[in-house]
Amino acid sequence: MGTPFRIVKISPDKSLTLGRHGENDFVLKDISVSRFHAKLFYENGSWVLENRSQTTGTFLNGKEIQKAVLARGDSFTLGLQSFRIQIEQEELSLLHVHLADHIHAVLLKPETVFTLGRGTSQDSFIGIDHAACPRHLANVRLKENKCEISFKEAVKQNDGKKRYRMTLAEGESIKLPWCVLEFQNSTLTLHLKNNGFEVCVQHLSVCVKKKELLKNIGFSLPPGKILAVMGRSGQGKSTLLHHLIGNIKGSPDSVFMEGSPHRQEEIRKQIAFLPQEPLLRDFLTVRETLLHHARLSLPRDYSAGETEEQLLRIASLLAISHLQQSKVSTLSGGEKRRTALAASLMGSPGLILLDEPLSGLDSVNAEMLCAHFRQLAFLGHTIIFTTHSYKSLEIADEILLIHRGEPCFYGSPEEALLYFKTSSLNHILTALHSESGKDWDTCEKKETESENGTARPLFPQVKHKNFFFYTLSLLWRGLWRDKGRCLALFLQPLFIGFLLFQTFTPASSLWVVAFALILCANWFAFSHAIREFAGEKALLSEEWRQGMKILPILSAKTVFPFFLSLFQTILCYFCLAPWISLSPPYLPALGLFAACLFPAVTLGLLTSALAKNLGQASAFLPLLIIPQVALTGILAPIDQMRFLGRELSFFIWSRHIQTGFQNLFTEIQVRPESIFIPLALGFLFYIITLLTLFRFKKAK
């Protein structure tokens with residue numbers, strides 16, 4: 001993650017000493033910390049923090065103490081080191097981060113080329129301590145009293161233009177997603193940025209189908225803060241989240257994150273969105289889910305060891321280490337949400353959006369999830385969530401109250417109590433009325449201004465691991481772990497082949513036999529392909545928004561059902577062919593079957609991409625298969641069809657495959673168009689599917 005952190009667990013039968021000296025249980029290599037600074041121990045049923053420093057002092061929740069009893073959620077500081085406490089069944093978990101800004105100044109020299117990238121600063125290497133930064137980001141050197149930066153991959157500016165090289169003059173600075181670089185007096189200074197985004201919303205309005213869902217929304221949220229968006233059902237809370245991730249179009253130039261428009265593709269990649277129902281693959285284990293998101297969000301140069309270290313830290317942070325080998329399908333609601341949250345943290349997102357994260361959870365799981373939100377804010381992440389739960393307001397730094405699509409209040413929970421003249425947050429929603437929005441609009445409210453500096457924002461293009469072969473393995477795992485589907489994969493062609501064996505004899509027309517085999521091949525291909533996108537469209541859309549490439553996913557989802565269908569078709573063929581003395585040359589027959597399956601698979605994928613859900617996609621299955629029956633030339637010869645039917649039959653690949661098999665069975669050379677026309681149709685469907693998926697990915 002961007003902010004380095006450690007988690008230590010202590011049982012009640014042990015104590016923990018903290019300080020700079022090597023004899024401490026927890027060594028802090030920081031001159032702001034005393035040699036023997038503090039001690040944690042269990043006493044009389046409670047955990048106690050005791051100060052042992054005579055100089056710097058120990059601060060609990062911002063107040064200096066000598067000895068104090070700890071409660072869940074407390075935080076304390078020793079010098080520039082900060083700690084947060086979690087207590088579960090008498091076991092204490094200590095979350096540690098470094099409070100000081102990570103600043104590293106390097107004196108540049110004309111003869112020395114420095115490397116800028118992920119890691120720890122050392123000789124000729126300027127380290128950026130952030131999970132999502134590549135190991136080798138750029139080369140830096142002094143040239144003509146200016147700082148020349150040569151990026152390994154292209155960087156995007158706010159206007160979308162790409163650059164590989166840029167020069168910083170005296171006093172200039174640039175802002176990368178992970179740090180700010182400032183050049184002055186021949187020195188390049190690196191300031192590690194906060195994990196979280198600063199979010200500034202000004203006069204935001206959202207209209208959908210001429211209905212205004214949000215009107216004049218405004219707030220300014222600093223990095224590392226938690227915003228709770230409240231309101232009754234149907235008031236526009238979820239609409240706000242969907243606009244922030246680019247799923248719903250709103251008024252232009254209204255939302256800025258880190259000083260850049262939120263629709264900027266590189267900004268959208270760094271936003272994690274968790275809907276009410278977690279978007280997870282049920283057949284994967286928790287560990288596989290985290291590794292999947294590591295592949296999605298971490299740079300290509302991440303080693304297996306680095307990925308494992310990141311996984312273990314995140315799993316420990318969200319208390320799911322013991323669930324690593326559990327399948328997602330076996331998890332409880334609270335465990336699924338913690339797993340989804342952990343997965344989204346693998347790449348250290350700048351903003352975490354959650355839609356009703358506490359909905360349907362019992363009080364224990366709700367309290368646990370709220371504690372994790374505070375931990376994430378403690379680490380610097382910016383969090384925005386919608387809620388109906390007053391319990392969650394206890395962890396919020398700011399509250400945005402929306403009624404009838406208008407803001408009715410924005411400020412801290414304490415300010416909310418004063419504004420609504422109540423002593424309890426429970427009474428806020430009941431105090432709303434039709435004029436609440438106008439009352440807030442006319443009061444002396446806060447101005448929503450961005451606090452970003454003058455540094456130019458740049459977005460490096462980070463390369464990730466290839467997804468083609470990985471997706472093939474993912475599809476295979478999903479199939480293999482679904483025992484019912486695996487069984488059907490074998491039984492379906494065997495059963496159909498048995499029926500064909502009972503139907504046809506050596507005296508049967510080979511023309512009709514070929515038609516039956518072609519029909520079976522189309523059925524296998526359609527039934528596999530039509531489920532590929534419709535069944536997980538919401539999940540894939542979210543992954544594409546985060547930067548996963550569409551082309552390798554589409555290619556893998558084309559190859560996998562193609563070979564499954566080819567296997568079933570061959571199995572079905574050999575259940576029939578030996579019994580009717582059907583023995584054409586195998587290679588041409590295989591080529592015709594492949595040419596038949598390819599357009600069927602790609603048209604099935606196109607239907608799946610266009611359908612809103614799996615049920616809708618399945619409903620289109622008869623519309624795909626019936627033209628292959630009616631216009632092939634079996635029910636009626638092509639020359640006896642009406643004009644429109646004859647013209648449409650040209651685009652029915654089964655017609656061309658049927659002609660090819662007729663020539664093959666009668667020992668006539670197969671015409672090239674019998675294969676090329678179906679393949680051309682298949683590539684056409686493939687391209688249309690690709691364009692359709694790109695449309696889904698693009699911000700609204």
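**Exercise 1. Charges over rings**

State which ring Lys-557 lies over, and how far from the ring centre.

*Solution.* The criterion comes first: a charge sits over a ring if NZ of Lys or CZ of Arg is within 6 Å of the ring centre and within 35 degrees of the ring normal. Lys-557 lies over the face of Phe-533, with 5.6 Å to the ring centre. A further case is Lys-483, whose charged end sits over the ring of Trp-480, 4.5 Å from its centre. The model is predicted, so local features need pLDDT of at least 70 and side-chain atom pairs count only at pLDDT 80 or more, while totals for chains, interfaces and linings use all residues. Residues are numbered from 1 along each chain as its sequence is written, and side-chain values use heavy atoms, with hydrogens and water left out.

**Exercise 2. Aromatic pairs**

Determine how many aromatic pairs there are, and describe the pair of Phe-490 and Phe-567.

*Solution.* Rings of Phe, Tyr and Trp (its six-membered ring) pair if their centres lie within 6.5 Å; planes under 30 degrees apart count as stacked, over 60 as edge-to-face and the rest as tilted. The count by this rule is 26 aromatic pairs. Phe-490 and Phe-567 are edge-to-face, at 5.5 Å centre to centre with 80° between the planes. Phe-490 belongs to helix α10 (residues 483–503) and Phe-567 to helix α13 (residues 550–576), so this pair ties together parts 77 residues apart in sequence. Helices (H or I, at least four residues) and strands (E, at least two) are DSSP runs, numbered from the N terminus.

**Exercise 3. The open sheet**

Identify which strands stand at the edges of the four-stranded open sheet.

*Solution.* Two strands pair if DSSP finds at least two bridges between them. The strand order is β22-β21-β24-β25, with antiparallel pairing. At the edges stand β22 (211–221) and β25 (260–261); each has a single partner strand, so one side of each is left without a neighbour in the sheet. Strand β24 (residues 255–257) is joined to β25 by two bridges, and Met-257 has Ser-260 in β25 as its bridge partner.

**Exercise 4. Cysteines**

Find how many disulfides there are, and explain why Cys-207 forms no bond.

*Solution.* A disulfide is a pair of cysteine sulfur atoms within 2.5 Å. By this rule the number of disulfides is zero. For Cys-207, the closest cysteine sulfur, in Cys-408, is 18 Å away, which is too far for a bond. Cys-575 is likewise in no disulfide, with the nearest cysteine sulfur, that of Cys-572, at 6.3 Å.
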